[in-house]
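I am opening a fresh notebook page for this protein. The plan is to go from one residue out to the whole fold.

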Amino acid sequence: MRRLPPVLLEDGCPRDLISLIRTILAACKEISFRVSQGALSGVLGSTLDENIQGETQKKLDVLSNQLLKDILLESGYVKAIASEEEEGTVAGNPEADYIVAFDPLDGSSNTDINSLVGTIFSVMRVPKEADASDPAIFLQKGEQQVAAGYVLYGPSTMLALTTGKGTRLFTLDRTHGSFLLTQDFASVPAQTQEFAINASNQRHWQAPMQQYIADLLAGKSGPRGKNFNMRWIAAMVGDVHRVLCRGGLFTYPADTKNPDKPYKLRLLYEANPMAMLIEQAGGLASTGEQRIMEIEPQQIHQRVAVILGSKDEVETCLSYHQ
Ligand SMILES: O=P(O)(O)OC[C@H]1O[C@](O)(COP(=O)(O)O)[C@@H](O)[C@@H]1O
Ligand SMILES: [Mg+2]
Ligand SMILES: [Mg+2]
């Protein structure tokens, strides 16, 4: 089985980008180890703090953030980083060409129940002369990502990665510590009978999503004429991984539960990297009104509605929004 560096070299990926990706993965291997130690790691449970988004931080959120931040900043490959767990961006090497936005631990409420979690990352390029301490360097459209991926800490640790030449899946070989290519080109089937949504928010959704989900639930005797199955992992990384493997529609739509927070998922380090992975595998990713990767970001912690997955099913869902 092939290791990651030669696969990326063959794609024509620049050597410094490969080195940067390997640096991210070095931190992820350490996170993978800590997560796999579970209660033995001494880092399950919550801290007494909240992050910038007002969410209680898990000890593993803090640890994962620290590992990624330290390793990336020490490497010299990044001009700056942005993280779910950092209020502002953090400057790195002023001479570097890349910036990285990441969700150090996605689905962290799952840590206490030994369920799926992962790390999501987005890599963008910046001009040499750009100011490393200016947060505005992160406000690039998703289309401008030069690499995107996630590492899923599941029964096996897997990497989904794209540098714009398709989406590939790698599995961490713990005996040698390398990510080995286990699926060359992931392809999301265009059609599906599976969807993922947190249905407990149903009463707060807007009319188009209410109608779309009602029609899915009506099954064979409803307007769709077929039965649908539902799954919800409560970790975007786990739900998107399932969609990459066997298709499906994943959505976290707008809701009116909290008027100050109509969306849940973050654009720069959740929606954009997942959108690139899904589109590179033949799927679609939209807010309901706009292709996610065409959004002009206004803030580093901006949130968006997300509808992504199997092409035909996303298009059907979008037809309810017109
Ligand atoms: O609590 P809910 O509504 O099930 O939300 C789950 C969603 O929240 C998230 O966990 C947010 O991620 P974090 O754990 O990084 O805050 C998504 O991964 C997931 O899709
Ligand atoms: Mg997350
Ligand atoms: Mg997180």
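Before anything else, my yardstick for burial: a residue is buried if 20 or more other C-beta atoms lie within 10 Å of its own, exposed if 12 or fewer, and partly exposed in between, with C-beta atoms placed from the backbone. I note that this is a predicted model, where local features need pLDDT of at least 70 and side-chain atom pairs count only at pLDDT 80 or more, while totals for chains, interfaces and linings use all residues. Residues are numbered from 1 along each chain as its sequence is written, and chains are lettered from A and ligands numbered from 1 in the order in which they are written.

**Entry 1: Val-188**

I looked up Val-188 and found it in the loop between strand S10 (178-183) and strand S11 (194-196). Helices (H or I, at least four residues) and strands (E, at least two) are DSSP runs, numbered from the N terminus. Is Val-188 buried or exposed? Val-188 has 27 other C-beta atoms within 10 Å, so it is buried.

Next I checked its contacts (C-beta atoms, placed from the backbone, within 7 Å). Leaving aside neighbours within four places in sequence, Val-188 touches residues including Val-243, Leu-244, Ile-278 and Gly-283. Val-188 and Gly-283 lie 95 residues apart in sequence, yet their C-alpha atoms are 5.8 Å apart.

**Entry 2: H5 and H6**

I followed those contacts to a helix pair. Helix H5 (residues 236-246) packs with helix H6 (residues 267-280) at about 10°, the axes being 11 Å apart. That makes H5 roughly parallel to H6, the label for angles under 35 degrees (over 145 is roughly antiparallel, 65 to 115 roughly perpendicular, the rest oblique). Axes are lines fitted to C-alpha atoms over the stretch in contact, and angles run from 0 to 180 degrees between N-to-C directions.

From H5, Met-236, Val-240, Val-243 and Leu-244 meet Glu-270, Met-274, Leu-277 and Ile-278 of H6. By class I get 7 nonpolar, no polar and 1 charged residues. Ala, Val, Leu, Ile, Met, Phe, Trp, Tyr, Cys and Pro count as nonpolar, Asp, Glu, Lys and Arg as charged, and the others, Gly among them, as polar.

**Entry 3: the domains**

An automatic or database assignment sets the bounds: domain 1 (4-183) and domain 2 (194-319). Their contact takes 34 residues from domain 1 and 29 from domain 2.

**Entry 4: the whole protein**

I noted 7 helices and 17 strands. Buried residues make up 46% of the 322 residues.

Note on methods
Two residues are in contact if their C-beta atoms, placed from the backbone, lie within 7 Å.
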